[in-house]
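Welcome! Have the sequence and the 3D view open beside you, and let us walk through this model together.

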Number of protein chains: 2
Amino acid sequence: MSLNGTNEKEEPRYIKLNAKDNVVITVNFGGLKEGTEFSCGLKLTEYVPQGHKVALKDLVQGEAIVRYGEVIGYALQPIKRGSWVKESLIDMPAPPELDLLPIANNVPEPLPLLEGYTFEGYRNADGSVGIKNILGITTSVQCVAGVLSYAVKRIKEEILPKYPNVHDVVALEHNYGCGVAINAPEAIVPIRTIQNIALHPNFGGEVMVVGLGCEKLRPETLVPDGEEEPIISLQDQQGFTNMVHTILEMAEGRLRRLNERKRVTCPASDLVIGLQCGGSDAFSGVTANPAVGYAADLLVRAGATVMFSEVTEVRDAVHLLTPRAVNEEVGRKLIHEMKWYDEYLQRGQSDRSANTSPGNKKGGLSNIVEKSLGSVAKSGSSAIIDVLAPGERATKKGLIFAATPAGDFVCGTLQLASGMHMQVFTTGRGTPYGLAMAPVIKVSTRNALTEQWHDLIDVNAGRIATGEATIEEVGWEIFHYILDVASGRKQTWTDHWGLHNSLCLFNPAPVT
Amino acid sequence: MSLNGTNEKEEPRYIKLNAKDNVVITVNFGGLKEGTEFSCGLKLTEYVPQGHKVALKDLVQGEAIVRYGEVIGYALQPIKRGSWVKESLIDMPAPPELDLLPIANNVPEPLPLLEGYTFEGYRNADGSVGIKNILGITTSVQCVAGVLSYAVKRIKEEILPKYPNVHDVVALEHNYGCGVAINAPEAIVPIRTIQNIALHPNFGGEVMVVGLGCEKLRPETLVPDGEEEPIISLQDQQGFTNMVHTILEMAEGRLRRLNERKRVTCPASDLVIGLQCGGSDAFSGVTANPAVGYAADLLVRAGATVMFSEVTEVRDAVHLLTPRAVNEEVGRKLIHEMKWYDEYLQRGQSDRSANTSPGNKKGGLSNIVEKSLGSVAKSGSSAIIDVLAPGERATKKGLIFAATPAGDFVCGTLQLASGMHMQVFTTGRGTPYGLAMAPVIKVSTRNALTEQWHDLIDVNAGRIATGEATIEEVGWEIFHYILDVASGRKQTWTDHWGLHNSLCLFNPAPVT
Ligand SMILES: [Ca+2]
Ligand SMILES: [Ca+2]
Ligand SMILES: [Ca+2]
Ligand SMILES: [Ca+2]
Ligand SMILES: [Ca+2]
């Protein structure tokens, strides 16, 4: 197989998703040449790159362009059957009117229970379950980050090896804590994010806090309830050497206790799984996202908590989601989060169209409407039982919309605050993103990416496009892989290499 | 000397700054007890902590409270002579009206030239001078940060030791690049910050760029003009192992060239020095900031560029600055930056009073007006010859106001973008903050902090309060220390320990 040219030997293939669609997307790696004829008789009038759209019929100017059975835009000029339907030919439709949405009018029936699936986790005193055994060291302000990095390096080299049951020491550095408008109404978002991350079940209730002393975010607000005082304030220490000594000493006490944790068999219903996509292409909505959606349904059937997110990628498909809200209240919460984000973007003189990246467009996603229709496929088919504002903790089992920006690290950080054990991340263009606190499972939308990034992609959903596997098969594969990773039996590639991106807080309030 | 109690043996002392002042601040460590009598006859009616204000006379309700010869607020109730003038007794005045400010009406005469001062720096092809020899690796998006960290660790371990004239390899990680509203009007701020940081003179024009491939911020916009293509796009690589190999290979070529750089004697006028304060207390405006202001004047006299910043700490003292603007245009630019920030804070339902931290208040700074009057002392006494919007590059010699938020890392990052070689940082409460790209000189406002943080404070300005040194003496000490650090003859404590905080971009635009 050639990596850059069209594969001359392969049958030309396209994917049509819905009977109503008047465009299809090309499957073949490298794209398809002018004159290519499909088995149905459709003939390309020009070269079409892989994953890009082809008109199934002549479209007149102003005619609706339909994919996923939904209008993704209107033809800006006449478009001939067999020609490339590129971004420049499409007029983007207005987003769904939030005040006119049907709510809870098509609530899916509960899916059949799936019993007997378990994983090996660390049961905590508060009933939650961790899937890793990590010493978490959180911070109340970025000022301390240099000292903490120095101390963590020494803890890892000198102390951690004595406690083999502990996987890692993770410093929770962030840009918040001082130099911020901490009383602005929206400061609640970064504050609760930091607070809830400290409660993460992987830390086993043994999180410690390193603060400076004069910061606005008070360290004592980051301590889990009922904890003995696990706070080190650097301004109370006699210089740098003493700071490091104090941190190492407290860390050792906690490592000793964490080292006693043992894995026990837990029902799959104890899991909290986050879903995300990044570096999406036109295959995202055809292969990886539907497979993840199938896995999401399996998790919901097994009683687990599943969160999908990314407001700007849900906004244009929200009319497909509000009918699935389990009740009026949940539907209203979903609409509220969309409105809040509309206003947030408007304040910055932007709108939801700012979401799509050059990579998305190169990958065949013409606009945010098309991207959104593919993105929401991750949510599967169950009822939406709750909606979380950014950084809130998940408290219910079932499918939840956790409102977050779509940026990968921001979404990842907020899902961690919501209690996520693991993220399932679909990608078409490819991203090596990882998190220190929780495994990130990379699901590729295309065979070519899986081959190219052979040591970074965990699950290949590209086989769905080529007919080598069904959505259901890849869905089950993801489900089993989640249980294996949660049990420590398998390791994601990013954990294998130790590729861990920093936390990235969402702060819609001003800095000072 | 006891660390927590009042030192009984020391004479009680206070500092009065201006003949018009009707409050003074206490000097003694641990504060002063009720009944303490000063040599002038003033007697304390209650305990007053160190650095806090005492009324010199009976104040009636509504009377102006004067410090630095300026009104810092109005008495909310009658205040007796000798009593503690705490925050709760002070009504904060309105900020200076921006449309009514006098501009360039009191431009200081040029200070006498200071000739013959030099340092040993690295002269670059473009005429700029570096004070460190660093391989800079910048990024177009946070997605690549995990891979880059892994690669940089290997470069430092395996390759850097072969090139002993190179000090460090610095990965310029940040949260920008994708998942952001890149076409929002204010996106220009983070974008030019990243672009200008890549041009930093310490990198010797050899910066390389690691990008992903699908991000919104295009890697090619980060390449210095006229450079051969120094971009590695991870999506073009055959997996992780290959990514790391490619980065190591490009890094080695650049390290080889950087290793040829030699220090040469350069005039002090080649220096670009940033000024900042953080963790301020009531002594900041009495000891460290005036000493830094004196050093700023020396630098200006020697022909160097000196930047002061922190909009929210200048806002309430701006009426003291606009008269010093060298001309109408510079004065208008200063006012424009103040207005922009007022509106930015207002959009987030906040205002400049959000600046002060609990540590400031504990240290005796009742409000932002008092803090600002002390903060601007850093600017010395020369004319303000230019104003930069956040992240713009300094192009002139003399005293410049570089508009930035006051948060330490945000200000540090923006001053780096403006071309700062070194930052002089005054602190009263203490912060261990450092930057990998440029030394940060810590100037303590108090003897007690200098003793306590003996291995973090570089210069002790606390001696000014106790009469052990004059403002001029400490100013000269800072000036000479700058030349020593720039020449590599001395090392700051944060560089000694390797305490380096992450870059922290200022992004006033929305994320998506
Ligand atoms: Ca996405
Ligand atoms: Ca995403
Ligand atoms: Ca300051
Ligand atoms: Ca500051
Ligand atoms: Ca430094």
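What follows is a short tour of metal sites, strands and a chain interface.

Before we start, keep in mind that this is a predicted model.

**The calcium sites**

Let us begin in chain A. Which residues hold the calcium ion (ligand 2)? Its protein donors are Gln276(A), Cys277(A), Glu310(A), Ala406(A) and Asp408(A), and they lie 2.3 to 2.5 Å from the ion. Two of these, Cys277(A) and Ala406(A), offer their O atom, while Gln276(A) uses OE1. Along the chain, the donors follow the spacing Q-C-x32-E-x95-A-x1-D. Gln276(A) belongs to strand E14 (residues 272-277) of chain A and Asp408(A) to helix H8 (residues 408-417) of chain A, so this pair links distant parts of the chain, 132 residues apart. Try finding both in the 3D view: Gln276(A) and Asp408(A) are each buried.

Now turn to chain B and the calcium ion (ligand 3). Here Cys277(B) supplies both O and SG, Glu310(B) supplies OE, and Glu313(B) is listed with OE twice, at 2.3 to 2.7 Å. The spacing of these donors along the chain is C-x32-E-x2-E. Cys277(B) sits in strand E14 (residues 272-277) of chain B, and Glu313(B) is in the loop between strand E15 (305-308) and H5 of chain B, so the pair ties together parts that are 36 residues apart in sequence. Cys277(B) and Glu313(B) are both buried.

Each of these ions has a calcium partner, as the table shows.

| Calcium ions | Separation | Residue coordinating both |
|---|---|---|
| ligand 2 and ligand 1 | 3.2 Å | Cys277(A) |
| ligand 3 and ligand 4 | 3.2 Å | Cys277(B) |

**Strands in chain A**

Next, look at strand E11 (residues 208-211) of chain A. Met208(A) and Val210(A) point one way from E11(A), whereas Val209(A) and Gly211(A) point the other way, and all are buried. E11(A) pairs in the parallel sense with strand E9 (residues 134-139) of chain A, over three bridges. E11(A) also pairs in the parallel sense with strand E12 (residues 231-233) of chain A, again over three bridges. Val210(A) is a handy landmark: Thr139(A) stands opposite Val210(A), and the bridge partner of Val210(A) in E12(A) is Ile232(A).

Chain A also has an open sheet of seven strands, with parallel pairing, in the order E16-E17-E15-E14-E18-E19-E20. Why do strand E16 (384-388) and strand E20 (459-460) of chain A each have one side without a neighbour in the sheet? They stand at the edges with a single partner strand each, so one side of each is left free of a neighbour in the sheet. For E16(A), look at strand E17 (residues 398-402) of chain A: the two run parallel and are joined by four bridges. Within E17(A), Leu399(A) is the bridge partner of Ile384(A).

**Where the chains meet**

Finally, how many residues does each chain give to the contact? Chain B gives 68 residues and chain A gives 67 residues. Together the two chains bury about 5,300 Å², of which 59% is on carbon and sulfur atoms. The rule finds zero salt bridges across this interface, but it does find 36 residue pairs in polar contact. On the side of chain B that touches chain A, the elements giving two or more residues are helix H1 (145-159), helix H3 (239-258), helix H5 (328-347), helix H6 (358-362) and helix H8 (408-417) of chain B.

Note on methods
Residues are numbered from 1 along each chain as its sequence is written. Chains are lettered from A and ligands numbered from 1 in the order in which they are written. This is a predicted model: local features need pLDDT of at least 70, side-chain atom pairs count only at pLDDT 80 or more; totals for chains, interfaces and linings use all residues. Side-chain values use heavy atoms; hydrogens and water are left out. Donors are N, O and S atoms within 2.8 Å of the metal (3.2 Å for Na, K and Ca); water is not among the atoms, so sites may look incomplete. Buried means under 20% relative accessible area, exposed over 50%, partly exposed in between (1.4 Å probe, protein chains only). Two strands pair if DSSP finds at least two bridges between them. Contact means heavy atoms within 4.5 Å. Buried area is the accessible area (1.4 Å probe) that two parts lose on being put together, summed over both. A salt bridge is a side-chain nitrogen of Lys or Arg within 4 Å of a carboxyl oxygen of Asp or Glu. A polar contact is a pair of N or O atoms within 3.5 Å; within protein, one must be able to donate a hydrogen and the other to accept it, and residues adjacent in sequence count only if both atoms are side-chain atoms.
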